[in-house]
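Colleague: I am new to this structure and would like a close look at one part of it, the buried interior. Could you walk me through that part and the sheet that goes with it?

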Amino acid sequence: MQYRSLGRTGLQVSEIGFGAWGIGAKMWKGGDDKSSMQALNKAVDAGINFFDTALAYGDGHSEELIGRLLKEREEELYVATKIPPFNKRWPAQGTLNEAFPRHHIVNSVETSLRNLGQDSVDLVQLHVWDPSWLDDLRWHEALCDLRQMGRLRFFGVSINDHQPDTALDLVERGLVDSVQVIYNIFDQSPTDQLFQLCWEKRVGVIVRVPFDEGALTGKVTPETHFSRRDWRSRYFKDDRKQQVWERVQKIVQETGIGLEELPRLALRFCLHPRAVGTVIPGMRRTKHVEANASVSDLPPLDDETLEILKRHRWERNFYP
């Protein structure tokens, strides 16, 4: 496993982090605490030291499982969690007072700390972001106060889906230590402006959705069925599975790889920008951990492959 600096935080984080939404289990089919704990421990064994969770993941269950891991392991591990919007609106909607009033920020952090069994957490992120909140910095004051109290070390924001430019002013003003953003072969928009600005301002970058919710694993075909419980039944509704499959086939053909190699290619693509500190694919099984962690030992993508993949940028939003 290779490690990188997460912006100006000084944290040396594993290139491949652990995305812990899935182990919350509320919006995914399958999975159980036993297999989740096995995956978490396998991650530590593989050198992964960065775990990204949220209070909203299984109503805190994901945090609780990571808390168990922290008690069981002696290695130095870094945990990032997120404060859900008070008005429960994803993506961000409403005024700052509707989404992140001070009492909600404080109460959420304290709840997360109880779930984690810790007195302090390494990184706290607002789970959504609206640039209009730059006009009212009470959210920033609340997080600074919590840092002063020792309840958190660093703080940042998780940028709304496919909207990296909404955080440009935030980064420019140096108000956060990190940003979390969607970046993958299809959504390359953070390379337009965000990544370079983060590099210049030494703001850490956490890349989420490297597989485009599974599309870039090569396992989503026109015949794939998702249960009603699995939220991806909405993400891949109508003819979207067909669209994805056709585009994946073109990537495989043009790069000359086997379909089974696509997930590794997708992760290597995400690791290429120098601003990226860590990439956090979701992992619920030990086999996911083993496959994803091994990518850190592979060489960087060559220029020819990068140029091919850049041509597969796809502007669209499947979340609504």
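Modeller: Here is a walk through the interior, with the whole chain as a short introduction.

Please keep in mind that this is a predicted model, in which local features need pLDDT of at least 70 and side-chain atom pairs count only at pLDDT 80 or more, while totals for chains, interfaces and linings use all residues. Residues are numbered from 1 along each chain as its sequence is written, and side-chain values use heavy atoms, with hydrogens and water left out.

The chain has twelve helices and ten strands; these are DSSP runs numbered from the N terminus, helices being H or I with at least four residues and strands E with at least two. Its radius of gyration is 19 Å, close to the 20 Å that the globule rule gives for 320 residues, so the chain is as compact as a globular protein of that length. That radius is taken over C-alpha atoms, and the rule is 2.2 Å times the number of residues to the power 0.38. Of the 320 residues, 57% count as buried, where buried means under 20% relative accessible area, exposed over 50%, and partly exposed in between (1.4 Å probe, protein chains only).

Now to the interior itself. In soluble globular proteins, nonpolar side chains tend to be buried together. Here the largest nonpolar core has 90 residues, and those with the most contacts inside it are Phe18, Ile48, Phe51, Trp139, Leu143 and Val179. The largest share of this core, seven residues, comes from helix α10, residues 262–271. A second, separate core has ten residues, including Phe50, Tyr78, Phe154 and Ile206. By a nonpolar core I mean a set of buried Ala, Val, Leu, Ile, Met, Phe, Trp, Tyr and Cys residues joined through side-chain atoms within 4.5 Å.

Val179 is a good residue to zoom in on. Leaving out residues up to four places away in sequence, Val179 touches Val157, Ile159, Val171, Leu194, Cys198, Val203, Gly204, Val205 and Ile206; contact means heavy atoms within 4.5 Å.

Cys198, one of those neighbours of Val179, is buried at 1% relative accessibility. Its sulfur lies 15 Å from the closest cysteine sulfur, in Cys270, too far for a bond. Cys270 is buried as well, with a relative accessible area of 0%. The structure holds zero disulfides, a disulfide being a pair of cysteine sulfur atoms within 2.5 Å.

Next comes the sheet. It is an open sheet of eight strands in the order β3-β4-β5-β6-β7-β8-β9-β10, with parallel pairing. At its edges stand β3 (18–19) and β10 (276–279), each with a single partner strand, so one side of each is left without a neighbour in the sheet. Two strands pair if DSSP finds at least two bridges between them. Three bridges join β4 (residues 50–52) to β5 (residues 78–83), and Phe50 has Tyr78 in β5 as its bridge partner. Phe50 and Tyr78 are also both among the residues of the second core.

Finally, look at the loop between β9 (204–208) and α8 (232–235), where Val209 is found. Phi of Val209 is near 55°, a positive value in a residue other than glycine, and Val209 counts as buried at 14% relative accessibility. Asp212 is found in the loop between β9 and α8 too. Its phi is near 50°, again positive in a residue other than glycine, and Asp212 counts as buried at 1% relative accessibility.
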